[in-house]
Amino acid sequence: MLMRRAAAQAGVLLLRADPGSSGKASLSRTELRARDGRSGEEEEMSYQLYPGHIPTSPLQKALLAAGSAVMALYDPYRHDMVAVLGETTGCLALPSLRDKMKHHPEGYCILQERPRIRLSTLDMARLQGLPDGSLGREYVRFLEHNKVSPDTRMPPKFVDDEELAYVIQRYREVHDLMHTLLGMPTNMLGEVVVKWFEAVQTGLPMCVLGAAFGPVRLSARKLQVLATQLVPWAIQSGRNASCILNVYYEQRWEQPVKSLREEIGILPPPDVRV
């Protein structure tokens, strides 16, 4: 009975995590409470730690993780399911990343100031006017070339700690900067390479899963390039680099990408077509 109830709740939560869903996704807390038999007093024990937070039990998190993993593997471009997977499986990795930030001057400053990378916080005209090769200019070039926007990064919902919720939000918002620094496009091969780098850097199970299972969709030629050149480089760079969350990128827009790579410890990308 407990398992069925948790599974039903997890299904509703997955629907609520999907911005394109309808129907059950719009159930209110009162309706959810009536559906699973919880009292108002029990409901009061669950509370939002930050806007959009959805409190969940360990069992619900496990069910959410399993469901989102299946859906993300079926369609790697379901960013909403990838986001749920990252939040529900990052209970060990996120505190470790937070501690690394707390013990680094720049990382600590980021935790205190909570900068956001969104169109509303970026001066796109200024970044476009920076010299070629600078972080800001190459970041904007990446966004334009791949037709992506920093505003597509979903806010956290299932992380039961306000500070850790910011850590995973920051990780999501610097993801495109990792593409820029690593010189990787947003096609499947490029995403897999970035996931290998991020898996070594962050230890997030979601990154490990993406790195391990993403290659199944690649052609034999791309698999060979991935296995012989790109994965060894990504792993070595991930091990060699300092924590990617300890860089205040918003204060580095003018810095040349090559210089920032050297400072962080990212090795020059292999000379292969991705």
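This report describes the helices, a buried polar cluster, an aromatic pair and some loop residues of one protein model.

The model is predicted, and every value below was computed from it. Its secondary structure comes to 15 helices and zero strands. Of the 274 residues in the protein, 47% are buried. Among contacts with a separation of 6 or more, 72% are between residues that stand 24 or more positions apart in the sequence.

**Two helices that cross**

Helix H6, which covers residues 93-102, packs against helix H10, which covers residues 162-173, at an angle of about 85 degrees, and their axes are 9 Å apart. Angles from 65 to 115 degrees count as roughly perpendicular, and H6 and H10 are therefore roughly perpendicular to each other. On the H6 side, the contact is made by Leu94, Pro95, Leu97, Arg98, Met101 and Lys102, while H10 contributes Glu163, Leu164, Val167 and Ile168. Sorted by class, this contact holds seven nonpolar and three charged residues, with no polar residues.

**Glu198 and its partners**

Glu198 has its place in helix H12, which runs over residues 188-202. Is this residue, Glu198, buried or exposed? Its relative accessible area is 0%, and because buried means under 20%, Glu198 counts as buried. The side chain of Glu198 is joined to that of Tyr171 by a polar contact of 2.7 Å, and a polar contact of 2.8 Å joins the side chain of Glu198 to that of His175. If neighbours within four places in sequence are left aside, the residues in contact with Glu198 are Tyr171, His175, Met178, Gly203 and Cys207.

The partner His175 can be looked at in the same way. His175 lies in helix H11, residues 175-182, and with a relative accessibility of 5% His175 counts as buried. Not counting residues up to four places away in sequence, His175 touches Arg153, Glu191, Val194, Lys195 and Glu198. The polar contact between the side chains of Glu198 and His175 thus joins two residues that are each buried, Glu198 at 0% and His175 at 5%.

**An aromatic pair**

How many aromatic pairs does a search of the whole structure find? The search finds one. Tyr139 and Trp253 form this pair, with 5.5 Å from centre to centre and 20 degrees between the planes, and the pair is stacked. The pair links distant parts of the chain, since Tyr139 is in helix H9 whereas Trp253 is in the loop between helix H14 (220-240) and helix H15 (257-264), 114 residues apart. Tyr139 counts as buried at 0% relative accessibility, and Trp253 is buried too, with a relative accessible area of 4%.

**Residues in loops**

Three loop residues are set out in the table, with the place and the relative accessible area of each.

| Residue | Loop | Relative accessible area | Class |
|---|---|---|---|
| His103 | between H6 and H7 | 71% | exposed |
| Arg114 | between H7 and H8 | 27% | partly exposed |
| Lys147 | between H9 and H10 | 75% | exposed |

Arg114 has a phi near 50 degrees, which is a positive value in a residue other than glycine. The loop that holds Arg114 joins helix H7, residues 105-113, and helix H8, residues 124-128. Lys147 likewise has a positive phi, near 55 degrees, and Lys147 is also a residue other than glycine. Helix H9, at one end of the loop that holds Lys147, covers residues 135-146.

Two of these loop residues can also be placed by their distance to a residue elsewhere in the chain. Lys147 and Thr186 are 39 residues apart along the chain, and their C-alpha atoms are separated by 9.6 Å. His103 and Asn246 are 143 residues apart in sequence, while in space they are 9.5 Å apart, C-alpha to C-alpha.

Definitions and conventions: Residues are numbered from 1 along each chain as its sequence is written. This is a predicted model: local features need pLDDT of at least 70, side-chain atom pairs count only at pLDDT 80 or more; totals for chains, interfaces and linings use all residues. Side-chain values use heavy atoms; hydrogens and water are left out. Axes are lines fitted to C-alpha atoms, for helices over the stretch in contact, and angles run from 0 to 180 degrees between N-to-C directions. Helices (H or I, at least four residues) and strands (E, at least two) are DSSP runs, numbered from the N terminus. Angles under 35 degrees count as roughly parallel, over 145 as roughly antiparallel, 65 to 115 as roughly perpendicular and the rest as oblique. Contact means heavy atoms within 4.5 Å. Ala, Val, Leu, Ile, Met, Phe, Trp, Tyr, Cys and Pro count as nonpolar, Asp, Glu, Lys and Arg as charged, and the others, Gly among them, as polar. Buried means under 20% relative accessible area, exposed over 50%, partly exposed in between (1.4 Å probe, protein chains only). A polar contact is a pair of N or O atoms within 3.5 Å; within protein, one must be able to donate a hydrogen and the other to accept it, and residues adjacent in sequence count only if both atoms are side-chain atoms. Rings of Phe, Tyr and Trp (its six-membered ring) pair if their centres lie within 6.5 Å; planes under 30 degrees apart count as stacked, over 60 as edge-to-face and the rest as tilted.
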